[in-house]
Amino acid sequence: MNGITGITTHSVTSFSSSSPVLLLLLLDSDSPALTRSGLTLFLSLLNCFSFPLSGFYLFPSFNLIAIFNFFLRGKSKGHITMKALILVGGFGTRLRPLTLSFPKPLVDFANKPMILHQIEALKAIGVSEVVLAINYQPEVMLNFLKDFEEKLGIKITCSQETEPLGTAGPLALARDKLIDESGEPFFVLNSDVISEYPLKEMIEFHKSHGGEASIMVTKVDEPSKYGVVVMEEKTGKVEKFVEKPKLFVGNKINAGIYLLNPSVLDRIELRPTSIEKEVFPKIAAEEKLYAMVLPGFWMDIGQPKDYITGLRLYLDSLRKKSSPKLASGAHIVGNVIVDETAKIGEGCLIGPDVAIGPGCIVESGVRLSRCTVMRGVRIKKHACVSSSIIGWHSTVGQWARVENMTILGEDVHVCDEIYTNGGVILPHKEIKSSILKPEIVM
């Protein structure tokens, strides 16, 4: 019971000192129907009279407003309102030709937009508002996410950049959207990151160390390719950052998920700024930055090769959880998800690591492995697709072979018996001759 949300009045005859009045106060934190101002106004009227209230007599000299304000403050301590900012970024050039049709966060991953994985995870731990830091097609983003905003019961807004502001500048731009009277920390996520999102555990970690900022780190096999986070193993306190070290200093890298106190915003100017290179090192130097090792899988899926790897890791995590989302049957090999509206013909072999989207038609004798088949795609008889992404409403012809990180944009049609080896094909094209080596088809 964290806030007053409804007042029901019974047997009210009149507002006078001699009339008995019985009021039932219903307390429920889930649906705040009365605001503090509305309640204050209501109680101001009551405070003008002298009458019994649930067995207690109230008199004009009794400061009922102060008592209830104190009550609300005390009760509201258990109710935490959190916000989050997702760094959406710009044009998504690394994931073209898919991003020529949709902004990168709306590109499907495992049968739903990339960004929806993050928004659902944030909603699950009580985040009430998500701010999208974006400089490309904000109207498309908001229109698309409007339905999900209503379904999930979470507020989604945009903070639009007029110029690229890096990874820290967008926080300064969205300052007024992120800070409120609660003083609670807020999440920052990179929209390219897919993981199990242990956000509840991150909140507990942040509270336990009492620092100013928490970052999530993940272990990698080849740390020399990345910026390495050097940290104390027991406490998680970050000591320093080393960019692409030649000598081994650690194997943990920034995972692109942060939990920051509002005071961090005072460190960021409204200009193009890197949070990783300019802000975090300063906080670490003051011994106020802590790192939590991310359990489970992690992948930056901002380019096709990593997208395919990320799908494998994601499906493997579903298998470990015995998720009902995974398909089963004689034609399924390994981890596969198939939308309930998709149709699969006889004699197919699907998997491992395949996602088949809504409205897809997979005809008889088709072989699919390590690939994503997006909404409305048709794979004709005896075609073979592996290690590739088939964009929305495309067609792969009979006996065609699509492999080696071939990416079909939206509405691409590969004719019968065509072979494509690593072709990157822009939207609305028809492929009538084979692509024997990786190339871009304009």
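# A guided walk through the model

Visitor: How many of the seven residues of β12 are buried?

Guide: Welcome! This is a predicted model. Strand β12 is largely enclosed by the rest of the structure, because the buried residues among its seven number six.

Visitor: Which strand does β12 join in the antiparallel sense, and over how many bridges?

Guide: One pair of partners to look for is Thr218 and Ile253, the latter lying in β15. The two strands, β12 and β15, run antiparallel. What joins β12 to β15 is a set of six bridges.

Visitor: Which residue of β16 stands opposite Ile215?

Guide: β12 also pairs with β16, here in the parallel sense and over five bridges. Within β16, the residue standing opposite Ile215 is Ala291.

Visitor: Are the residues Leu199, Met202, Ile203, Phe205, His206 and His209 of helix α7 buried or exposed?

Guide: Helix α7 covers residues 199-209. Residues on its other side, namely Lys200, Lys207 and Ser208, are exposed. The six that you name, Leu199, Met202, Ile203, Phe205, His206 and His209, are buried.

Visitor: What arc around the axis do those buried residues of α7 cover?

Guide: An α-helix has 3.6 residues a turn, so residues three or four places apart point the same way. In α7 the buried residues Leu199, Met202, Ile203, Phe205, His206 and His209 lie on the same side of the helix, because the arc they cover is only 165°.

Visitor: Which elements do the buried residues of α7 pack against?

Guide: One helix is on the list, α3 (114-124). The strands are β5 (82-89), β10 (186-190), β12 (213-219), β15 (252-260) and β16 (289-293). So that you have them together, the buried residues of α7 pack against β5, α3, β10, β12, β15 and β16.

Visitor: What phi does Gly210 take, just after α7?

Guide: Gly210 is found just after α7. Its phi is positive, with a value of about 70°.

Visitor: How many aromatic pairs does a search of the whole structure find, and how are the rings of Phe109 and Tyr307 arranged?

Guide: The search of the whole structure finds four aromatic pairs. In one pair, Phe109 and Tyr307 have ring centres 5.4 Å apart. Their planes stand at 85°, and because an angle over 60 degrees counts as edge-to-face, the pair of Phe109 and Tyr307 is edge-to-face.

Visitor: How many residues apart are Phe109 and Tyr307?

Guide: Phe109 belongs to strand β6 (residues 108-109), and Tyr307 to helix α9 (residues 304-320). This pair links distant parts of the chain. Phe109 is buried at a relative accessible area of 0%, and Tyr307 is buried at 0% too. Along the chain, Phe109 and Tyr307 are 198 residues apart.

Visitor: Which residues form one aromatic cluster with Phe109?

Guide: Phe109 also makes an edge-to-face pair with Tyr314, at 5.7 Å centre to centre and 70° between the planes. That pair again links strand β6 with helix α9, across 205 residues. Both Phe109 and Tyr314 are buried. The residues that form one aromatic cluster with Phe109 are Tyr307 and Tyr314.

Visitor: Which strands stand at the edges of the open sheet of six strands?

Guide: The order in this sheet is β19-β22-β24-β26-β29-β32, with parallel pairing. A strand at the edge has a single partner strand, so one of its sides is left without a neighbour in the sheet. Those edge strands are β19 (343-344) and β32 (430-431).

Visitor: Which residue of β24 is the bridge partner of Ile361?

Guide: β22 and β24 (residues 378-379) pair in the parallel sense over two bridges. In β24, the bridge partner of Ile361 is Arg378.

Visitor: Which side chain does that of Glu363 join in a polar contact of 2.9 Å?

Guide: Glu363 lies in the loop between β22 (361-362) and β23 (367-373), and at 16% relative accessibility Glu363 counts as buried. Its side chain also reaches the backbone nitrogen of Lys381 at 3.1 Å. The polar contact of 2.9 Å joins the side chain of Glu363 to that of Arg378.

Visitor: Is Ser386 buried or exposed?

Guide: Ser386 is found in strand β25 (residues 384-390). Beyond residues up to four places away in sequence, Ser386 touches Ser369, Arg370, Val402, Glu403 and Asn404. Its relative accessibility is 12%, and because the cut-off is under 20%, Ser386 counts as buried.

Definitions and conventions. Residues numbered from 1 in each chain as written. Predicted model: local features only at pLDDT ≥ 70, side-chain atom pairs only at ≥ 80, totals over all residues. Heavy atoms only, no water. Helix = DSSP H or I, 4+ residues; strand = E, 2+ residues; numbered from the N terminus. Buried < 20%, exposed > 50% of the residue type's maximum accessible area, 1.4 Å probe, protein only. Polar contact = N/O pair within 3.5 Å; in protein donor to acceptor, adjacent residues only side chain to side chain. Phe/Tyr/Trp six-rings, centres within 6.5 Å; stacked < 30°, edge-to-face > 60°. Pairing = 2+ DSSP bridges. Arc of directions from axis to C-beta. Contact = heavy atoms within 4.5 Å.
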